[in-house]
Every structure is written in C-alpha cells, then in structure tokens.
Amino acid sequence: MEERLNKLRKSMEKSTFKELSFSEKMRKEIHKQINMPDESDELLTVAILQLLLHEKTGYELTGLLRSRGFKKFEDNEGSLYTMLHTLEQKRLIASCWNEDGIKFYQIIDKGRKYLRKQEKDSASGCIVIKGLLEE
C-alpha cells in the first residue's frame, strides 16, 4: 500500500502540484492540522448542528459523523444520544417521534444562531470546511 501511495504522490508532484509551492512554515501548519484530533466537544457540536439542518435520526447522524472523521461514537453510540439530549436541553435542537416510533432531530432557531456564530468565529476555518462536506 505504501508503495502505491508513494507512486501517487510522485505522479501528483509532476502534474497536480507542479505549480504549487509551500513554505516550510506552511508545511508544518498543514501537518499540524492534519494530525490534530478534531474531536473536541465544540467541534462535535458544530458538526452535529450542521448535519441537523435537515431532519435526521441518531443512527443517520452516527454514520454521517463517522464519514466526517469523528470516531468518538464508534463502539459507544449511546454517547451521541447523551450529546443530543444536552443540545435539546440547551434548546439548540428539537426532536419528534414519527408514527413508526422513530425519533428525529433537527436544529431550531437558537441552534442556527449558535452555529452561525461558531462558524464566523472559527479562526482556522476547519468547521466551515466540514460543513461544506455535508452528505
């Protein structure tokens, strides 16, 4: 696998990245961001609120968060429901049950305001980028 990745990298250096140049400082910052775990409660909250712009179940959220690289809920999906309950208590999201007994969650006005503020205040921009990658 490593050999194939090295070949891909060399190929991309010849074509895709040929015109790009990064200073050593930029390279270090990029590596720092790549290797930094993005699983703070604040980032998780923002990711959940971004995903709840459209109604979703907890199960759907687990899959979408996993696809965004969040691993906190792997082997512990119950902690997601604890977090959803907390967001509901803070009146950032609301939940409702459908006729089949399935619970759905969706962001509400106070949550939208909180989300906009967090995205605006995000210095690194990584929260906004994650939001663009939704679904």
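Two residues are said to be in contact, or to touch, when heavy atoms of theirs lie within 4.5 Å. With that in mind, isoleucine 93 touches Leu49, Leu52, Leu84, Leu87, Glu88, Tyr105, Gln106, Ile107 and Ile108, where residues up to four places away in sequence are not counted.

The structure is a predicted model, in which local features need pLDDT of at least 70 and side-chain atom pairs count only at pLDDT 80 or more, while totals for chains, interfaces and linings use all residues. Residues are numbered from 1 along each chain as its sequence is written, and side-chain values use heavy atoms, with hydrogens and water left out.

## The chain as a whole

The protein chain holds seven helices and three strands, where helices (H or I, at least four residues) and strands (E, at least two) are DSSP runs numbered from the N terminus. Read from the N terminus on, the order of these elements is α-α-α-β-α-α-β-β-α-α. The accessible surface of the protein chain, computed by the Shrake-Rupley method with a 1.4 Å probe, comes to about 9800 Å², and 54% of it belongs to carbon and sulfur atoms. Of the 135 residues in the protein chain, 30% are buried, a word that stands for under 20% relative accessible area, with a 1.4 Å probe and protein chains only. Among the contacts in the protein chain with a separation of 6 or more, 54% are between residues 24 or more positions apart.

## The nonpolar core

A nonpolar core is a set of buried Ala, Val, Leu, Ile, Met, Phe, Trp, Tyr and Cys residues joined through side-chain atoms within 4.5 Å. The largest such core has 22 residues, and those with the most contacts inside it are Ile48, Leu52, Leu61, Leu65, Leu80, Leu84 and Ile93. Two or more residues of this core are given by each of helix 3 (41-51), helix 4 (58-67), helix 5 (78-89) and strand 3 (103-107). Helix 3 supplies the largest share of the core, namely seven residues.

## Helix 3 and its partners

How many of the residues of helix 3 are buried? Nine of its 11 residues are, and helix 3 is therefore mostly covered, given that buried means under 20% relative accessible area. The buried residues of helix 3 are Leu43, Leu44, Thr45, Val46, Ala47, Ile48, Leu49, Gln50 and Leu51.

The axes in what follows are lines fitted to C-alpha atoms, for helices over the stretch in contact, and the angles run from 0 to 180 degrees between N-to-C directions. The axes of helix 3 and helix 6 (residues 109-121) come within 10 Å and cross at roughly 125°. That makes helix 3 oblique to helix 6, since angles under 35 degrees count as roughly parallel, over 145 as roughly antiparallel, 65 to 115 as roughly perpendicular and the rest as oblique. In this pair, Glu42, Thr45, Val46, Leu49 and Gln50 of helix 3 meet Gly111, Tyr114, Leu115, Gln118 and Glu119 of helix 6.

Helix 3 also packs with helix 4, at an angle of about 120° and with the axes 11 Å apart. That makes helix 3 oblique to helix 4. Here Ala47, Ile48 and Leu51 of helix 3 meet Leu61, Leu64 and Leu65 of helix 4.

## Four buried residues

The table lists four residues with their places and relative accessible areas.

| Residue | Place | Relative accessible area |
|---|---|---|
| Leucine 52 | loop between helix 3 and strand 1 | 0% |
| Threonine 57 | strand 1 (residues 56-57) | 12% |
| Threonine 62 | helix 4 | 7% |
| Leucine 65 | helix 4 | 0% |

Which residues does leucine 52 contact, leaving aside its neighbours within four places in sequence? They are Leu61, Leu84, Ile93, Tyr105, Gln106 and Ile107. Leucine 52 and phenylalanine 104 are 52 residues apart in sequence, and their C-alpha atoms are 9.5 Å apart in space. Threonine 57, not counting residues up to four places away in sequence, touches Ile102, Lys103, Phe104 and Tyr105.

In helix 4, threonine 62 touches Glu77 and Leu80, again not counting residues up to four places away in sequence. Leucine 65, leaving aside its neighbours within four places in sequence, is in contact with Ala47, Ile48, Leu51, Phe70, Phe73 and Leu80. The C-alpha atoms of leucine 65 and isoleucine 48 are separated by 7.6 Å, while the two residues are 17 residues apart along the chain.

Note on methods. Buried < 20%, exposed > 50% of the residue type's maximum accessible area, 1.4 Å probe, protein only.
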